[in-house]
Each structure stands twice: as C-alpha cells, then as structure tokens.
Amino acid sequence: GHFGRFGGRFMPEALIAPLDEITRAWQEAQADPTFTAELDRMLREYANVPSPLYEAHRFSEAAGARVLLKREDLNHTGAHKIRNVIGQALLAKRIGKPRCIAETGAGQHGVASATACAYLDLECTVYMGEVDTERQALNVARMRMLGAEVVPVTTGSRTLKDAINEALRDWVASVDTTHYLFGTAAGPHPFPAMVRELTRGIGDEARAQCLELLGRLPDAAVACVGGGSNAIGLFTGFVADPDVRLVGIEAGGDGVETGRHAATITGGSVGVLHGARSYLLQDEDGQTLESHSISAGLDYPGVGPEHAYLAQTGRAEYRPATDAQAMAAFELLCKTEGIIPAIESAHALAGALTLAQELGPDATILVNLSGRGDKDVHTAAQYFGLI
Ligand SMILES: CC/C=C(/N=C/c1c(COP(=O)(O)O)cnc(C)c1O)C(=O)O
C-alpha cells in the first residue's frame, strides 16, 4: 500500500491482523460480482448516485469563467461520504462484523455511517471531538436519530485527529466484533486505496458528464482537501488526462502565515500520522500541531498519502483558502444559485474563484460540491450576523 514513498501501515501489532483481514476481504469482494452488484444497486437505488453535473450560470458570471458543479450535496445524507460508507458497511457484513465504529469531524461521515448501519442492521459507534459535537450539533442529533451512539472526545484539540485516536483505541479492544469504518482516504493501508476506489465514482461520472455536456474535458478539476477522499475521488477520473489541472484546496484558516490553519501540504512536512507516511503539521520534534479551520471537516493536521504523492510528482497542485475566502464563496453560491454548500465545499468554490481569474473567461472549471450546508447554517448565520 504505497504511493511512492508515502503510505504504508505504521500501526500497533494488535491492528495488523484486522488490517490484513480487510485487505484480503476487499480484494475478494472487488472480484465478487454479487458484492459489486449489491454495492452498485445500493448506490443507485438508495444513495441517489450518480450525482448530477450542474452548470452554475450565475456563479460562473460572478466568477468570470464557466463553473460546473458535481452535486455530491444531492446524495443521500448530503455528502460524498455515503459512497465510501456503503462499500465499507457491506464489507463489514461480508466479514461477519456486527459492529462498526467511525470517526467524524463535520459529522457527515458519522451520519453516513449511522445511515448505512441502520440499513444493514449493524451496531454503530461514532467518535467525535467535543468541539465538533458543538459546531455540528445538527449532525449529532441526526446520528442519534439513526440509532448510532455518538461519543464526544475530550482529549487533545477535541477535533477530528482526537476522534481518530479514540476510534483506534476502541478498535484495538474490539477487533473481533468490529470493523473500523474509516471515513477518509488517509490512515494505514488498505484505507487510502480502498476509500479512493469507493469514492472514484465522482471523477469517473464527472468525466463522462463533461464529455457529454461540453464535448471535451474541463481545464481544471477542483476539490477541497481534508483527509482527501472527495478530492482523490474527483482527481482519479482525470489523473490520466494531463491537460486537466488537478487543484486541491486546503483550509487556510486565519492564513497559513499565522500558523492557525489546516493546510497540511502547503504548510506541513513529511511524517507519519495515523498509520501512514504523508504530510502533516508537526513541530521540529515531530509532535503533531493543532490545526485550525472554520470547517470541521477540513480541521485535520494530516492528509491522505496519495495526495502527498500527487503533490510530490507535481500531477496535482494544492493551495490554501482562508476561512474568510471560503465564507465569501459560501455566500456567493447561496445568492447566485440558491444552493447552500457545506463550508468544506465552499473552500473548493473559493479556489475556483481564484483559478477563474487566472485562467480567464474561456476556461471551464469543474468543482466538487462535496456536501450541503444544512449542518453549517448556525455557524454561517453567526458568521454573517443573520440571527
Ligand atoms: C472523516 C472526517 C471528515 C468528515 N467530513 C469531511 C468533509 C470533507 C473533507 O473530507 P475529505 O473529502 O475526506 O477530504 C469535504 N466535504 C464535506 C461535506 C465533508 O463532510 C466528516 O466526518 O464528516
């Protein structure tokens, strides 16, 4: 499970056996037409996949280039996370694990996990930083409504990285009954590659939809990058098309220069976190630094190893968008298209606005609208002073 020098599985001995079991089961499942048929059926009939490709005419006018939105916000549960979760929940059933655990930051992965577990009659425990349980309170309520146990994590920065740590602690003690339904394209092998394969429908669909709509490929594909799943899911469909620029937008928080950000590739360095060698925000002693972002789903000091590889090879480029830039893009989409985006997705929109100015009016920019903003209405209303 390597992407150049990145990836691997730097995990405690107790977790090597379950990771081997998942690796083997995933390889067998991919070759089993019964599994793939059920996965495709659930995605289509239950999750509302494929998601539409939508040309945002008024947002494009404001941007100064043609902007197409891949509407992952219209999937069941409101984000791209459902794609990965359905695949992994079916795998958990296949290997006879009656319980799933998950980490969550924005709560979308948590809601998707609770949803799939309700559908498949699996137990579900979701670990969520206490800070995130407050700023994504709506999703905490949804997870509990769907029958999941939500465990607030009060260690460390009380955000996503701490939720992952707690989920790993649970898993060490529960490997016999429990599948760790990992929520992004990071972590130890096989998670980065498996989550990429389960999420790559975004890019594969968008590529075909662009050819149908435009008769050619877009000039750039843009996505926000937290752990990296929606971005790698979009990029993979285009990675073999050298004329399509792949642009990952990280959380610039208060500005990378302030140190209060989550721009792991732009502002971090190579190291090991949560089982994989990749980029991370660390001090000179290798201690993980706390990240900062208005967006819970991007507020993570690590990033998936495949993005580290794409950055190193230069195939993809990674840029920060600050909280302010993201919230300005959030407001622009609301008022030009009547679509309330997730704050995570608003970072991709901010990146598209900058790119539109660079590429000019003849450019076509594909943006992954990774999720809807229902969960963020309170944060945004306070930010804009609407309540
Ligand atoms: C797995 C932890 C990340 C979560 N969400 C991240 C997220 C992200 C960033 O995560 P990645 O796609 O994995 O980089 C983008 N868009 C939406 C709508 C998100 O909810 C979550 O728990 O919901």
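This dialogue explains how to read several features of a predicted model.

Biologist: Let us begin with the whole chain. How many helices and strands are there in the chain?

Modeller: The chain of this predicted model contains 16 helices and 14 strands. Its radius of gyration is 19 Å, close to the 21 Å that the globule rule gives for 387 residues, so the chain is as compact as a globular protein of that length. Along its principal axes, the C-alpha trace spans about 55 × 45 × 45 Å.

Biologist: I turn now to the ligand. Which residues come nearest to the ligand?

Modeller: A residue belongs to this group if one of its heavy atoms lies within 4 Å of the molecule. Here 25 residues surround the ligand, and those that come nearest are T104, G105, T184, G228 and S229. By class, the shell comprises 16 polar, six nonpolar and three charged residues. The elements that each supply at least two residues of the shell include β5 (99-104), α5 (108-120) and α11 (229-235).

Biologist: Which polar atoms lie close to oxygen atoms of the ligand?

Modeller: For such a contact, one looks for a pair of N or O atoms within 3.5 Å. In T104, a polar side-chain atom lies 2.6 Å from an oxygen atom of the ligand. For G105, the atom concerned is a backbone N or O, at 2.7 Å from a ligand oxygen. A polar backbone atom of G226 is 2.8 Å from an oxygen atom of the ligand. Taken alone, the ligand exposes 520 Å², of which the protein buries 99%.

Biologist: Where does the ligand sit?

Modeller: The ligand occupies the largest cavity.

Biologist: Let us consider the backbone. Which peptide bonds are cis?

Modeller: Most peptide bonds are trans, and most residues other than glycine have a negative phi. In this structure, a cis bond joins V49 and P50, with omega about 5 degrees. P50 is placed in the loop between α2 (33-45) and β3 (53-55). The bond from H189 to P190 is also cis, its omega being near 15 degrees. P190 is found in the loop between β8 (178-180) and α9 (191-199).

Biologist: What is the phi of R158, and where does R158 lie?

Modeller: The phi of R158 is near 55 degrees, a positive value in a residue other than glycine. R158 is located in the loop between β7 (149-153) and α8 (160-174).

Notes: Residues numbered from 1 in each chain as written. Predicted model: local features only at pLDDT ≥ 70, side-chain atom pairs only at ≥ 80, totals over all residues. Heavy atoms only, no water. Polar contact = N/O pair within 3.5 Å; in protein donor to acceptor, adjacent residues only side chain to side chain. Areas by Shrake-Rupley, 256 points an atom, 1.4 Å probe, with all protein chains shown as cover. 1 Å grid on protein atoms, 1.4 Å probe; cavity = no way out; pocket = protein on both sides within 12 Å on 5 of 7 lines; lining within 4 Å. Sits in = over half its atoms within 2 Å of the grid points. Helix = DSSP H or I, 4+ residues; strand = E, 2+ residues; numbered from the N terminus. Nonpolar A, V, L, I, M, F, W, Y, C, P; charged D, E, K, R; others polar. Rg over C-alpha atoms; globule rule 2.2 N^0.38 Å.
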